[in-house]
Amino acid sequence: MKFLTQPPRFLFFTGKGGVGKTSIACATAIHMAENGNRVLLVSTDPASNVGQVLGVAIGNQITPIPEVARLSALEIDPQAAAQEYRDRIVGPVRGVLPETVVRGIEEQLSGACTTEIAAFDEFTALLTDANLTAEFDHIIFDTAPTGHTIRLLQLPGAWSGFLDEGKGDASCLGPLAGLEKQREKYKQAVQSLADPQRTRLILVARAQASSLNEVARTHGELAKIGLRGQHLVVNGVMPESEADVDPLAASIRRREQASLAALPGVLKTLPYDQLPLMPFNMVGLRALRQLLNEPDGRGTAVEDRPVDIEAPGLSELVDRIARDRRGLVMLMGKGGVGKTTLAAAIAVELARRGFPVHLTTSDPAAHLSETLSGAVENLTVSRIDPRVETENYRQRVLETKGATLDAQGRALLEEDLRSPCTEEIAVFQAFSGVIRESTRKFVVMDTAPTGHTLLLLDATGAYHREITRQMTDKSMHVTTPMMRLQDAQRTKVLIVTLAETTPVLEAANLQSDLRRAGIEPWAWVINNCAAAAHPGSPLLRQRARNELKEVEAVATHHAHRYAVVPLLSNEPIGVPHLLELLDTKLGQAT
Amino acid sequence: MKTFQVYDPPMCCSSGVCGPEVDPKLVRFSADFHWLANQGVAVERYNLSQQPLEFAGNPAVKSALDNDGTACLPLILVNGNIVSKGRYPERDELARFLGMDEPARPAILPVLGDGSCKPGSGCC
C-alpha cells in the first residue's frame with residue numbers, strides 16, 4: 001500500500017459518507033500500531049462506530065485501546081462541538097430574551113459551516129500543541145477540513161472583522177467569534193496541513209464516475225490551498241473472482257473498471273492504491289486487520305445461501321403519488337445515492353400513466369436530460385446547472401454588495417459566497433419558478449434545500465410578511481418557499497439512501513433537519529440494494545445479508561413508508577432501463 | 001459626543017449573502033453607518049445571532065424584543081433612546097435623528113435591480 005509507506009506525522013482521510021474512510025482510517029491505525037508506532041486515531045464519524053469497532057467506549061478524550069498495543073483513540077462529535085458553541089452564545093440569554101427570539105438565534109447558528117468550523121476548532125490543539133500529542137508518532141484523522149474552512153482561516157480580513165471588532169461580515173466564521181487568543185493557533189494548524197513533510201491527505205473514493213469526479217474536485221481545491229501531499233485510494237472494488245461466477249457481479253466489475261480507466265486526469269499523477277470489496281462489514285479487529293494485511297485471504301466470502309427480502313418497490317410509491325394527479329415530488333439525499341436517476345424513473349412512470357410531468361434536474365452530467373427529452377409523451381425535461389446558477393448569484397452579489405467594499409472585505413465576501421449554503425440557495429432560487437407549475441401538473445425535482453436553508457429563507461419571508469402587515473394593502477399574498485414545502489397536500493419529499501450504516505445515518509440527520517423546518521418527509525427510498533437484486537455471487541450475497549438490518553431500521557424506525565430499488569446490472573439510462581428500477585422482482589436470479 | 005447604536009436582526013452575516021437575496025437596503029445602510037462614524041459619531045452595531053448579550057443587557061432593546069419579538073429589529077438608538085424600529089432609515093433621516101446638518105448626497109446610491117424582490121418570486 002503506497003499510502004502506508006513512509007507516513008508523515010499527520011494522516012487525513014477524506015471522501016463522501018459511505019466510501020469507507022472511517023474503516024480505512026481504523027485499519028491504518030491498527031496496522032501502524034502493530035508495526036511498532038505509537039498512534040492516535042481521531043474520529044469524527046457521526047455513526048461513532050470507532051468505539052464499537054475497537055471494542056471500547058471512547059469519548060471526547062484520548063483513550064488507550066487495550067486490544068491493540070500503542071494505539072489510542074479520540075472521538076470528536078462535530079454536532080456536539082457545534083452545540084457547545086451555540087450554548088456558549090445563547091446560554092446567557094436563555095430565559096432572558098423571549099423564547100422565539102432565542103430559537104431564531106439558534107437557527108442562525110445551525111448551518112453546516114458552524115459544525116465544520118467547530119470541528120476544526122477541536123482539531124487545532126492536536127495539530128499545534130506538541131505537549132498534548134508528544135507520546136504519539138502518528139495522528140490519523142478520519143476526516144479533513146474542507147477548502148472553504150481553510151481558506152476562511154487564511155483570510156486576514158476574516159479575523160480583523162470577526163475577532164477584532166466582533167462585527168464582521170463573514171457568516172461562516174461565526175463559530176470562531178470570541179476566540180481571538182487562538183488566532184495564532186489556527187494559523188499554525190493551517191501551516192501544518194499545508195506541509196507535506198508533516199501531513200498526508202488520502203482521498204478515498206469508490207470506483208464510480210460520480211465518486212471519482214467528486215474526489216477530483218476535492219483534490220483540486222485542497223491542492224490550490226497548498227495541501228500537496230495527496231494520495232488516492234479506491235475502495236470497494238469488485239474482485240475479478242466474483243465476476244466469474246455471477247452476471248450481476250460481472251457487470252458491476254465492467255462498470256467499475258470502465259470508470260477507473262476514465263480516471264480524471266488530475267488524479268492520475270497521485271500515488272494510487274486499490275482495496276477490494278469486502279464480504280463483511282468493517283467491524284471488529286479481525287475484519288480491519290484483513291482490509292490491509294491479508295491480501296490472499298480477503299476475497300473469500302462465506303455466504304452461499306440466497307438472500308431474500310420482502311419490501312415494497314418504487315412502483316408502489318408511484319401508485320400513491322399518482323393518486324393526487326399533480327404536485328411537487330422532491331428527492332433529497334447525499335450526493336452519489338442516485339437521486340437524479342430515481343427522479344427520472346418516477347417522472348417517466350408518471351408520464352407513462354398519462355399525467356403531464358415536468359422533470360427538472362441539477363444533474364451535472366446532463367446526459368439524463370438529453371436521453372429523455374422528447375422520449376416520452378407528457379414529459380418535459382429541464383436542467384438547472386448548479387455551477388452556472390451559483391456563478392450568476394455570486395456575480396449579482398458582488399456587483400451589489402461588493403461594490404462598496406475594500407479589497408479585504410471583498411475577498412471575505414467572495415469566500416462567503418463559496419460556502420455550501422450559497423450554492424443551495426442559488427439552485428433553489430432557480431428551481432422556485434418551476435415549483436409553481438406543480439398546481440397544474442407533476443413536478444419532479446432531484447434536489448431540494450436543507451431544512452437550515454429553508455429556515456433562513458423563511459426568516460426573510462417573515463421579514464417580508466412583517467413589511468406586508470405594515471402596508472395598507474392587505475390583499476397582498478405572501479408565500480415563502482418553506483410554506484409551499486410544508487404543505488403536505490402539494491409536496492412530497494422522498495429521502496434517498498443506501499442500505500449501509502453511514503448513508504442511513506446521514507439520511508436520518510437530513511430528516512431531522514427537515515423536521516426542524518416543519519417538513520415531514522413522505523417516504524424513503526433505499527437505492528442500489530443488493531438484497532433486492534437476488535445476487536448469485538457469494539460476496540454480493542454476504543453484503544446483501546448485511547443490508548437487511550439497515551433496511552429493517554428504515555422500515556421500522558425512520559420512514560412512514562419506503563421502497564427498495566435493486567442494484568442493477570445495467571446503468572439505468574434511457575426509458576426501458578429507468579422503468580426497470582420500479583420493479584424489485586426484475587433482479588430475481590434465474 | 002452622540003452615540004448611535006444599531007441592533008440588527010439575527011443574520012448569519014451582515015452581508016445577507018446567506019439569505020435568499022442580498023438586500024440593497026443593507027448595503028446602503030452599511031455605507032451610511034460608516035459615514036456616521038466618519039462624522040465623529042460614536043457608532044456601534046450588534047447582530048442578534050452573534051452578540052445576544054448586548055440585546056439582553058440593554059433595557060430598551062430587551063423590552064422591545066419582549067413585546068414585538070424580532071419583528072422590531074433592526075432597532076436604532078440615539079443616546080440610548082429608540083428612534084426607529086423594524087427598518088433601515090435613509091441617510092437624511094439618520095442625520096435628523098442626530099441633529100446634524102443636511103448631509104451631502106450619499107457617495108453610493110442604493111442599488112436596485114437584480115438584488116430586489118420580484119413579484120411572484122416567492123419571497124414576497
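**Sheets and helix packing in a two-chain predicted model**

Along strand β15(A), Tyr562(A), Val564(A) and Pro566(A) point one way, Ala563(A) and Val565(A) point the other way, and all are buried. This arrangement follows a general rule: in a regular strand the side chains alternate between the two faces of the sheet. The structure described here is a predicted model. Strand β15 of chain A spans residues 562-566, and because five of its five residues are buried, the strand is largely enclosed by the rest of the structure.

The neighbouring pairings place β15(A) in context. Strand β14 of chain A, residues 523-529, is joined to β15(A) by four bridges, and the two strands run parallel. Within this pair, Val525(A) stands opposite Ala563(A) of β15(A). Strand β14(A) also pairs with strand β13 of chain A, residues 491-498, through five bridges, again in the parallel sense. Here the bridge partner of Ile495(A) is Trp524(A) in β14(A). Seven of the seven residues of β14(A) are buried, so β14(A) too is largely enclosed by the rest of the structure. Such pairings have a common basis, since strands of a sheet pair through backbone hydrogen bonds, either parallel or antiparallel.

Two helices of chain A, α22 (residues 501-516) and α23 (residues 538-558), pack with their axes 10 Å apart and at an angle of about 20°. Angles under 35 degrees count as roughly parallel, and α22(A) is therefore roughly parallel to α23(A). The crossing in which α22(A) passes α23(A) is right-handed. On the side of α22(A), the contact involves Thr501(A), Val504(A), Ala508(A) and Gln511(A), which meet Glu550(A), Ala553(A), Val554(A) and His558(A) of α23(A). By character, the residues of this contact between α22(A) and α23(A) comprise four nonpolar, three polar and one charged.

Chain A also contains an open sheet of eight strands, arranged in the order β3-β4-β2-β5-β1-β6-β7-β8, with mixed pairing. Its edge strands are β3 (63-64) and β8 (272-276) of chain A, each of which pairs on one side only. Within the sheet, strand β1 (residues 10-14) and strand β6 (residues 199-206) of chain A are paired in the parallel sense over five bridges. In this pairing, Phe12(A) stands opposite Leu201(A) of β6(A).

Helix α9 of chain A, residues 209-225, lies across three strands of chain A, namely β1, β6 and β7 (230-237). The direction of α9(A) makes an angle of about 160° with that of β6(A). Helix α9(A) also packs with helix α6 of chain A, residues 147-154; the two axes come within 10 Å and cross at roughly 15°. The helices α6(A) and α9(A) are therefore roughly parallel to each other, and their crossing is left-handed. At the contact, Gly147(A), Ile150(A) and Arg151(A) of α6(A) meet Glu221(A), Leu222(A) and Ile225(A) of α9(A). The residues of the contact of α6(A) with α9(A) divide into three nonpolar, one polar and two charged.

Taken as a whole, chain A has 24 helices and 15 strands. Of its 590 residues, 51% count as buried. Among the contacts in chain A with a separation of 6 or more, 75% are between residues 24 or more positions apart.

Chain B has four helices and four strands, and from the N terminus on its elements run β-α-β-α-α-β-β-α. Its four strands form an open sheet in the order β2-β1-β3-β4, with mixed pairing. The edge strands of this sheet are β2 (42-47) and β4 (81-85) of chain B, each pairing on one side only. From one strand to the next, the twist averages 20°. Strand β3 of chain B, residues 75-78, is joined to β4(B) by four bridges, and these two strands run antiparallel. In this pair, Leu77(B) has Ile82(B) of β4(B) as its bridge partner. Of the 124 residues of chain B, 42% count as buried. Residues 24 or more positions apart supply 58% of the contacts in chain B with a separation of 6 or more.

How values were computed: Residues numbered from 1 in each chain as written. Chains lettered and ligands numbered in written order. Predicted model: local features only at pLDDT ≥ 70, side-chain atom pairs only at ≥ 80, totals over all residues. Pairing = 2+ DSSP bridges. Contact = placed C-beta atoms within 7 Å. Axes fitted to C-alpha atoms, helices over the stretch in contact; angles between N-to-C directions. Buried ≥ 20, exposed ≤ 12 C-beta atoms within 10 Å, placed from the backbone. Parallel < 35°, antiparallel > 145°, perpendicular 65-115°, else oblique. Left-handed = near helix turned anticlockwise from the far one by under 90°. Nonpolar A, V, L, I, M, F, W, Y, C, P; charged D, E, K, R; others polar.
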